[in-house]
Amino acid sequence: LESYITANPIIPWDDIRYLFGEIMYGGHITDAWDRRTNNAYLSVLINDKLFSGLLLGPGFASPDPNTLDYDGYIQYVESQLPPDAPTMFGLHPNAEIGYLTNWTLNIFDTILSLGGGDSGQGGGSGSAVKDAMIDYTNRCPENFQMIIIGDKAEPLLKEEAGPFVVVVLQECQRMNTLVSEIRRSLTELDKGMKGQLNMSQAMEDLVRAMSINQWPGRNPYHQCFWEAKAWPSMKSLSSEYVDMLNRVDQLVSWSADLVTPCALWLPGLFNPTAYLTAVMQITARRTGAPLDQMTTETHVTNFYDPSKVDYFPVDGAFVHGIYIEGARWPMGEEAGDVEM
């Protein structure tokens, strides 16, 4: 590399960036977008400004090469390099909040998993687990009667709203799978705690998860299957159980007459993408547009309460439950002049 640079009348910055970004280091990057990000950083850092005080970070400028040797560069970096911060990577300072929050949650989860949620207070933990088991068993909903729902759905599958009917059938089947697993595991645990069955490893894992309010099966080493049959979530056991009951309520209302709600709780589905695909299918049939050339767009409405929506849009569908992480939409006077 030194001979190549010396042989050129000017420093070949483009060649150097290519060597680093595509061969020497970039050659180990398999993802095209990661390589593109890497090359974007190199285009900012490796150029002729590197010898004229290029700002490499907040308060950290490239030194004059005529005043430092190799050891001087090392000493300069060790003494002047600022600590890692979001601004070092061109991010907003608030970007660190999410990282620190997740880091803290992981620490507490690890502490709870090591301690088992047991404070050494005799049978207190076992009593709490038993109370939770009884509560979850009592609140566990009944399975959907798929034969009855299927009979009602059969004539509707050939109509325009057929794709929506397919979605609700799939969602009810998946909910039945999850509810059946919850009821089965809770029933077995109840018999195990009464001495009617031997305590299996899956029962022990269920007790451990309930003692720390963790959705059973989230620990990859546990033999519970709640997580495998549920939707992706990071909520605690108590919160996700309430979430499940809310999802069941939506499906009960939807499957009663198989009429799609005017405003659907989209995150309340196991597979939201299936609903979005159904929206495109219905729109394609109505307009005659080719389905493979269609896409979806998200537009924010001025509805604040989903229950106030009493009609279907001409194209598309009303959905709610979507949020912006770290931000919110302004409302009322806070929104300012809506005509701007």
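Visitor: Which residues in α8 meet which residues in α11?

Guide: This is a predicted model. In it, F164, V167, V168, E171, C172, M175, L178 and I182 are the α8 residues in the contact, and their partners in α11 are Y241, M244, R247, V248, L251, W254 and S255. Sorted by class, that contact has 12 nonpolar, one polar and two charged residues.

Visitor: How should I read the geometry of such a pair?

Guide: Two packed helices are described by the angle between their axes and by how far apart the axes lie. Here α8 covers residues 162–194 and α11 covers residues 237–257; they pack at an angle of about 140°, and their axes are 10 Å apart. Angles over 145 degrees would count as roughly antiparallel, so α8 is oblique to α11.

Visitor: Is the crossing of α8 and α11 left-handed or right-handed?

Guide: The crossing of these two helices, α8 and α11, is left-handed.

Visitor: At what angle do the axes of α8 and α12 cross?

Guide: They cross at roughly 165°, and the axes come within 8 Å. That angle makes α8 roughly antiparallel to α12. The crossing of α8 past α12 is right-handed.

Visitor: Which residues make the contact of α8 with α12?

Guide: From α8 there are P163, F164, V167 and Q170; from α12 there are A274, Y275, A278, V279, Q281, I282 and R285. By class, the contact divides into eight nonpolar residues, two polar and one charged. F164 and V167 of α8 also appear in the contact with α11.

Visitor: And how do α7 and α8 lie?

Guide: Helix α7 takes in residues 146–153, and its axis and that of α8 come within 11 Å, crossing at roughly 175°. The two helices, α7 and α8, are therefore roughly antiparallel. M146, I149 and A153 in α7 meet V165, L169, C172, Q173 and N176 in α8. This contact of α7 with α8 has six nonpolar and two polar residues, with no charged ones.

Visitor: Turning to empty space, how is a pocket found, and what is the volume of the largest pocket?

Guide: A probe the size of a water molecule, rolled over the atoms, shows where empty space is left. In this model the largest pocket has a volume of about 1,400 Å³. It is lined by 40 residues, of which T298, H299, V300, T301 and V319 are the closest to its centre.

Visitor: Which elements give two or more residues to the lining of the largest pocket?

Guide: These are α12 (272–287) and β4 (318–320). The largest share, five residues, comes from α12.

Visitor: How does the lining of the largest pocket divide by class?

Guide: There are 25 nonpolar, 11 polar and four charged residues in the lining.

How values were computed: Residues are numbered from 1 along each chain as its sequence is written. This is a predicted model: local features need pLDDT of at least 70, side-chain atom pairs count only at pLDDT 80 or more; totals for chains, interfaces and linings use all residues. Side-chain values use heavy atoms; hydrogens and water are left out. On a 1 Å grid over the protein atoms alone, a cavity is a set of points where a 1.4 Å probe fits but cannot get out, and a pocket is an open set with protein on both sides within 12 Å along at least five of seven lines; lining residues have an atom within 4 Å of a point. Grid points are joined across faces, edges and corners, and a volume is the space filled by probe spheres set on the points. Helices (H or I, at least four residues) and strands (E, at least two) are DSSP runs, numbered from the N terminus. Ala, Val, Leu, Ile, Met, Phe, Trp, Tyr, Cys and Pro count as nonpolar, Asp, Glu, Lys and Arg as charged, and the others, Gly among them, as polar. Axes are lines fitted to C-alpha atoms, for helices over the stretch in contact, and angles run from 0 to 180 degrees between N-to-C directions. Angles under 35 degrees count as roughly parallel, over 145 as roughly antiparallel, 65 to 115 as roughly perpendicular and the rest as oblique. A crossing is left-handed if the near helix is turned anticlockwise from the far one by less than a right angle, and right-handed if clockwise. Contact means heavy atoms within 4.5 Å.
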